[in-house]
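Biologist: I have a few beginner's questions about how we put words to a structure. Could you walk me through them?

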Amino acid sequence: MDEKLIALLLAGLHRDQNRLDKHLQVLAGAYMLQRRQLPVVLTLGIAKNGDRAKGYATHAWLRCGGIILTGEGGHEIYQPLSTFSSSP
């Protein structure tokens, strides 16, 4: 897994355990899919209505074959920042 991806996912998450757990779930899922040589698309997003004073809300979701496997709930309100993909 790319170190930059891990750094982006974990940046600023130390104060929000629930969000951290969800981001780690996406990373674990991506790793498992890659090991099985399945196509993976991991997207990192930031809330479209982010408030700098309060910090940005981040979200990550994982797709395989066009199906969102984890992080689907509410992903529409996030602006994608980066997308990481791998294919067999």
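Biologist: What makes us say that strand E2 is largely enclosed by the rest of the structure?

Modeller: This is a predicted model, and in it six of the seven residues of E2 are buried. Buried means under 20% relative accessible area, so E2 is largely enclosed by the rest of the structure.

Biologist: Why are E1 and E2 called paired strands?

Modeller: Two strands pair if there are at least two bridges between them. Six bridges join E1 to E2, so these strands meet the definition of a pair. They run antiparallel, and Thr43 stands opposite Trp61 of E2.

Biologist: How do you know that E2 also pairs with E3?

Modeller: E2 and E3 (residues 67-70) are joined by three bridges, again antiparallel. At least two are needed, so this counts as a pair too. Arg63 has Ile68 of E3 as its bridge partner, while Cys64 stands opposite Ile67. Two residues lie between E2 and E3 in their hairpin, and Gly65 in the turn has a positive phi of about 60°.

Biologist: Which strands are the edge strands?

Modeller: The open sheet has four strands in the order E3-E2-E1-E4. E3 and E4 (78-86) each pair on one side only, which makes them the edge strands.

Biologist: Why is a group of residues called a nonpolar core?

Modeller: Its members must be buried, of certain types such as Ala, Val, Leu and Cys, and joined through side-chain atoms within 4.5 Å. The largest nonpolar core here has 10 residues, including Leu33, Val40, Ala60 and Cys64. Helix H2 (17-35), E1 and E2 each supply at least two of its residues, and H2 gives the largest share, four residues.

How values were computed
Residues are numbered from 1 along each chain as its sequence is written. This is a predicted model: local features need pLDDT of at least 70, side-chain atom pairs count only at pLDDT 80 or more; totals for chains, interfaces and linings use all residues. Side-chain values use heavy atoms; hydrogens and water are left out. Buried means under 20% relative accessible area, exposed over 50%, partly exposed in between (1.4 Å probe, protein chains only).
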